Amino acid sequence: MTAYKFLRAGRIAPFSGFEWPVGSWVEAETRVACGAGIHACRVADLPFWLLDELWEIELGDEITQGAHKVVAKRGRLVRRVDAWDAEVSTEFAAACVDRVRRLTEGRPEAEGHLADVVAWAPHASAAAVASLAARAWEAAEGGDGYDTERTAQSAWLAGRLGLHPAGA
Amino acid sequence: MLAMPEIEAPLPEESVASRDDAALVAALRTGDEAAFTELVGRYGGLMLRVARLYVPTRAVAEEVVQETWLGVLRGIGRFEGRSSLKTWLFRILTNTAQTRAAREGRSLPFSALAQREVGADEVSVDPDRFIPQGERWAGYWASSPRRFDDLPESRLMSAETFAAAKQAIDGLPAVQRAVITMRDIAGFDSEDVCDALGLSAGNQRVLLHRARSKVRVALERHLDEEGAA
Amino acid sequence: MASELSCRELVELVTEYVEGTLPGDELERFEQHLVYCGPCATHVEQMRETIRVTGSLREADLDAAVADGLLEAFRGWRDGRS
């Protein structure tokens with residue numbers, strides 16, 4: 001199965017600190033002991049794990065589906081998704097802010113959230129803006145609002161980055 | 001032709017320590033006084049601190065340490081090295097201390113005290129540090145904590161910081177003090193600590209969390225004060 | 001979907017996180033939060049540094065009188081063996 005993986009600059013895994021090689025298989029047991037396996041994203045999971053670099057990853061054997069990730073016994077970085085860079089990341093955050101702005105139409109009580117998100121967005125990471133936007137939607141419309149915003153985020157990413165939507 | 005000395009790969013720290021312990025045990029069996037002195041130097045202070053968790057006075061704790069070493073000498077012939085010397089030593093120590101505590105009439109076991117400590121309602125971080133319920137973004141940090149690892153190592157690992165940590169640990173409820181002393185100071189794993197104190201893994205973890213959280217608060221306060229000074 | 005973990009909830013789970021005992025779904029929520037929350041990442045780092053400071057505490061040696069007593073006991077043991 002092909003999936004996606006966000007890494008810090010230099011192919012560094014955010015929690016284990018593991019430096020991912022390109023092209024060779026990495027076994028979960030040996031190096032990347034993050035819980036029980038190699039963590040990766042389906043397209044719908046992308047907005048939850050946004051970091052500096054996005055990679056396409058091939059996963060092997062025994063793939064477990066989590067709520068917002070998949071876990072495999074082994075994985076191999078195939079290629080970097082070059083389209084995901086600082087500029088697109090800023091565009092993505094702007095799109096999140098725009099949707100929060102749309103949320104306030106006819107809902108004056110959401111103005112406070114919008115003002116906060118607008119104020120914080122320039123200093124926040126894409127992951128933080130995505131979370132703030134989803135929470136703003138949650139405050140207005142409950143759990144469904146949260147899901148709606150997260151779905152919109154992943155659709156934006158898939159479209160802008162040209163990812164195969166089945167992708168996982 | 002001269003024989004070239006073989007180059008040895010440096011051993012990881014842990015195995016240097018265990019080889020040393022093993023060598024000292026072997027020497028101790030032959031009655032080597034220097035080996036005994038070295039082991040007492042290595043573990044004596046820590047043993048006293050752990051004994052002190054069980055018994056009411058320093059004088060009694062010193063007797064427990066003395067009794068433990070006598071037990072060690074008597075049993076050294078039977079020590080097979082299946083567990084580390086340190087684990088074996090502290091198992092004798094905690095058994096001795098427990099027996100002694102019962103005799104001193106201070107026999108309420110840690111497991112009973114633990115129920116009370118676990119049952120207490122407490123939070124790890126002052127609730128005022130978070131945005132209050134009912135406001136936007138409730139539960140987020142109201143102001144960000146400051147990184148400790150940005151501080152110079154000489155400041156973080158200073159005598160003053162150590163004193164602040166020690167004072168915080170001394171002020172902990174008995175079981176939390178015992179758990180953090182054995183886990184984080186003495187370096188035992190959770191299984192050993194649960195055995196020694198008669199705690200469930202869950203209670204041990206809750207109390208360790210509370211203990212560490214209080215020490216963290218003390219360090220934060222100390223480092224902030226220093227920073228402001 | 002269930003709401004995200006709040007910072008206030010996260011700080012209660014740090015020991016379970018560093019001990020590696022968080023169950024899979026909670027671990028996911030925990031790490032997902034760390035991806036976007038700098039202050040919580042700092043808090044976790046503070047807890048790790050706290051463990052390191054505590055682990056660096058050194059005990060004072062035994063009082064000389066106690067150490068002397070031990071040495072005497074040692075000699076008694078050594079000389080008493082056949």
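**Exercise 1. Decide whether A:R11 is buried, exposed or partly exposed in this predicted model.**

Step 1. Start by counting the surroundings: A:R11 has 17 other C-beta atoms within 10 Å.

Step 2. Compare that count with the cut-offs: a buried residue needs 20 or more such atoms, and an exposed one has 12 or fewer. A:R11 is therefore partly exposed.

Step 3. Now place the residue. A:R11 sits in the loop that links β1 (2-7) with β2 (26-27) of chain A.

Step 4. Finally, look at the backbone. Although A:R11 is not a glycine, its phi is positive, at about 60°.

**Exercise 2. Repeat the analysis for B:W137.**

Step 1. B:W137 has 19 C-beta neighbours inside 10 Å, so it counts as partly exposed.

Step 2. In chain B, the loop between α5 (110-119) and α6 (153-156) holds B:W137.

Step 3. The phi of B:W137 is positive, near 60°, and this residue is not a glycine either.

**Exercise 3. Describe how chain A is built, and say how its radius of gyration relates to the globule rule.**

Step 1. List the elements: chain A has three helices and seven strands. Going from the N terminus, their order is β-β-β-β-β-β-β-α-α-α.

Step 2. Turn to the radius of gyration, which is 17 Å for chain A; the globule rule gives 15 Å for 168 residues. These values are close, so chain A is as compact as a globular protein of that length.

Step 3. Add the extents. The C-alpha trace of chain A spans about 55 × 30 × 25 Å along its principal axes.

Step 4. Look inside: 39% of the 168 residues in chain A are buried. Taking contacts in chain A between residues at least 6 apart in sequence, 61% join residues at least 24 apart.

**Exercise 4. Find which residues touch the most other members of the largest nonpolar core.**

Step 1. This core has 62 residues, and A:A40, A:V129 and A:A133 are the ones that touch the most other members.

Step 2. Helix α3 (residues 126-161) of chain A is the greatest contributor to the core, giving 12 residues.

Step 3. There is also a second, separate core of 58 residues, with B:W69, B:A165, B:A196 and B:A211 among them.

Step 4. Go back to A:A40 and set aside its neighbours within four places in sequence. Its contacts then include A:A3, A:Y4, A:I57, A:L59 and A:V70.

A general point helps here: in soluble globular proteins, nonpolar side chains tend to be buried together.

**Exercise 5. Work out how the buried residues of helix α5 (residues 64-80) of chain C are arranged around its axis.**

Step 1. Check the length of the helix. Its 17 residues reach 24 Å from the first C-alpha to the last, close to the 24 Å expected at 1.5 Å a residue.

Step 2. Pick out the buried residues of α5(C): C:V66, C:L70 and C:F74. They lie on the same side of α5(C), because they cover an arc of only 80° around the axis.

Step 3. Look at the face turned away from the buried side of α5(C). Its exposed residues include C:D68, C:E72 and C:D79.

Step 4. Ask what covers the buried residues. Among the elements that do so are α2 (33-54) and α3 (58-75) of chain B.

**Exercise 6. Describe the contacts that chain C makes with chain B and with chain A.**

Step 1. Begin with chain B, which has 10 helices and zero strands. Of its 229 residues, 34% count as buried.

Step 2. Count both sides: 38 residues from chain C meet 45 residues from chain B.

Step 3. Find the elements involved. In chain C, α1 (7-10), α2 (14-19), α4 (38-55) and α5 each supply at least two residues of the side that touches chain B. The largest share, 13 residues, comes from α4(C).

Step 4. Sort this side of chain C by class: 16 residues are nonpolar, 12 polar and 10 charged.

Step 5. Now turn to chain A, where 19 residues are in contact with 11 residues of chain C. The side of chain C that touches chain A has four nonpolar, three polar and four charged residues.

Notes. Residues are numbered from 1 along each chain as its sequence is written. Chains are lettered from A and ligands numbered from 1 in the order in which they are written. This is a predicted model: local features need pLDDT of at least 70, side-chain atom pairs count only at pLDDT 80 or more; totals for chains, interfaces and linings use all residues. Two residues are in contact if their C-beta atoms, placed from the backbone, lie within 7 Å. Ala, Val, Leu, Ile, Met, Phe, Trp, Tyr, Cys and Pro count as nonpolar, Asp, Glu, Lys and Arg as charged, and the others, Gly among them, as polar. A nonpolar core is a set of buried Ala, Val, Leu, Ile, Met, Phe, Trp, Tyr and Cys residues joined through C-beta atoms within 7 Å. Helices (H or I, at least four residues) and strands (E, at least two) are DSSP runs, numbered from the N terminus. The expected span of a helix is 1.5 Å times one less than its number of residues. The arc is that of the directions from the helix axis to the C-beta atoms. The radius of gyration is taken over C-alpha atoms; the globule rule is 2.2 Å times the number of residues to the power 0.38.
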